[in-house]
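Welcome! Here is a friendly first tour for anyone opening this structure for the first time. Please take a look at the sequence and the 3D view before reading on.

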Amino acid sequence: MHKAATASPWNLGVLLSGTGRTLENLIAAIERGDLDARIPVVISSVPGARGIEIAGRAGIPARVIRRGDFDSVEAYSTAMYEALAPYDIDLIVMAGYLRKLSIEPEWEGRVLNIHPCLLPEAAEYAAGKGMYGDRVHAAVLAHGDIVSGCTVHLVTNEFDAGPPMAKIEVPVLPDDSVATLGARVFVEETRLYPETIREYMHAHPHLKRSALVNG
Ligand code: GRF
């Protein structure tokens, strides 16, 4: 994989709700020089999420914005975008983020998510509202699939239904449990997400906004 640096690092705004393994992986990819980006801010939808601790250890400011504090998904989403605004964000990266975010016009095509199954193949039974983490792997096993995987997709206003950008297939083994399948898929997620973000940055240099400020 080509690792050429972009003109200057992209600013990624990371949204999360949980353990922050995905954030940890992105921070590690940046530190290794595999991803020419910065994470100037993390927003968690859950107070006390481990992801906030991961951000803190890396010196990244973390905000908590709870859906329950707002009357509508629109009001909540506006608060999210307002919180990101001071950080000159180029791309929003969902990293184990479980809430609905309305995609405002200026963010269309600028919000990515990773889902732990193949999309659109498994969309009907292993994606959509309430389908995340172990529930996805349980659904794949219950469906009897012999192949699963992970998919990075653009986020639209419908859960997990945005256009897929990249995916990796992972075998489902006969004696798999939710835990063993989930672990095998996550290993591939750690490779796929930084690679896909890197490819996105190289393919869309015109979408970088922070260059205007950072030079
Ligand atoms: C993974 O299942 C990933 O596909 C999904 O969130 C989970 C990771 O969450 N988007 P976390 O990074 O461990 O909090």
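The notes below cover a helix, some salt bridges, a ligand site and one serine. Please keep in mind that this is a predicted model.

**Helix 1 and its surroundings**

- Helix 1 covers residues 21-32, which makes 12 residues.
- How far apart are the end C-alpha atoms of helix 1? They are 16 Å apart, and this agrees with the 16 Å that the helix should span at 1.5 Å a residue.
- Several residues of helix 1 are buried, namely T22, L23, N25, L26, I27 and A29.
- The cover over these buried residues includes three strands: strand 1 (10-16), strand 2 (37-44) and strand 4 (91-94). Helix 2 (50-57) and helix 6 (178-203) are also among the elements that cover them.
- Just after helix 1 comes G33, and its phi is positive, near 85°.

**Salt bridges**

- Side chains of opposite charge can pair when their charged atoms come close. In this model the count comes to 8 salt bridges, and three of the pairs are described here.
- One salt bridge joins the side chains of R209 and E106, with 3.3 Å from N to O. This pair links distant parts of the chain, 103 residues apart. R209 sits in the loop between helix 6 and helix 7 (211-214), while E106 sits in the loop between strand 4 and strand 5 (111-115).
- Are these two partners buried or exposed? R209 is partly exposed, with a relative accessible area of 22%, and E106 is partly exposed too, at 48%.
- E121 and K167 form another salt bridge, and their closest N and O atoms are 3.0 Å apart. Because E121 lies in the loop between strand 5 and helix 4 (123-126) and K167 in strand 7 (residues 164-171), the pair ties together parts that are 46 residues apart in sequence.
- E121 counts as partly exposed at 49% relative accessibility, and K167 counts as partly exposed at 37%.
- R191 and E188 also pair up in a salt bridge, with 2.8 Å between the closest N and O atoms. Both belong to helix 6, and since they are 3 residues apart there, about one helical turn separates them.
- An α-helix has 3.6 residues a turn, so residues three or four places apart point the same way.
- R191 counts as partly exposed at 43% relative accessibility. E188, at 19%, counts as buried, because buried means under 20% relative accessible area.

**The ligand site**

- Which residues are around the ligand? They are G18, T19, G20, R21, T22, G96, I114, H115, P116 and E189.
- The side chain of T19 has an N or O atom 2.4 Å from an oxygen atom of the ligand.
- For the side chain of T22, the distance from an N or O atom to a ligand oxygen is 2.6 Å.
- G20 takes part through its backbone, where an N or O atom lies 3.1 Å from an oxygen atom of the ligand.
- Taken alone, the ligand exposes 360 Å², and the protein buries 89% of that.

**A look at S8**

- S8 is found in the segment before strand 1.
- With a relative accessible area of 9%, S8 is buried.
- Its side chain makes a polar contact with the side chain of K208, at 3.0 Å.
- S8 and T151 are 143 residues apart in sequence, and their C-alpha atoms are 27 Å apart in space.

Definitions and conventions:
Residues are numbered from 1 along each chain as its sequence is written. This is a predicted model: local features need pLDDT of at least 70, side-chain atom pairs count only at pLDDT 80 or more; totals for chains, interfaces and linings use all residues. Side-chain values use heavy atoms; hydrogens and water are left out. Helices (H or I, at least four residues) and strands (E, at least two) are DSSP runs, numbered from the N terminus. The expected span of a helix is 1.5 Å times one less than its number of residues. Buried means under 20% relative accessible area, exposed over 50%, partly exposed in between (1.4 Å probe, protein chains only). Contact means heavy atoms within 4.5 Å. A salt bridge is a side-chain nitrogen of Lys or Arg within 4 Å of a carboxyl oxygen of Asp or Glu. A residue is near a molecule or strand if one of its heavy atoms lies within 4 Å of it. A polar contact is a pair of N or O atoms within 3.5 Å; within protein, one must be able to donate a hydrogen and the other to accept it, and residues adjacent in sequence count only if both atoms are side-chain atoms. Accessible areas come from the Shrake-Rupley method with a 1.4 Å probe; for residues, only the protein chains shown count as cover.
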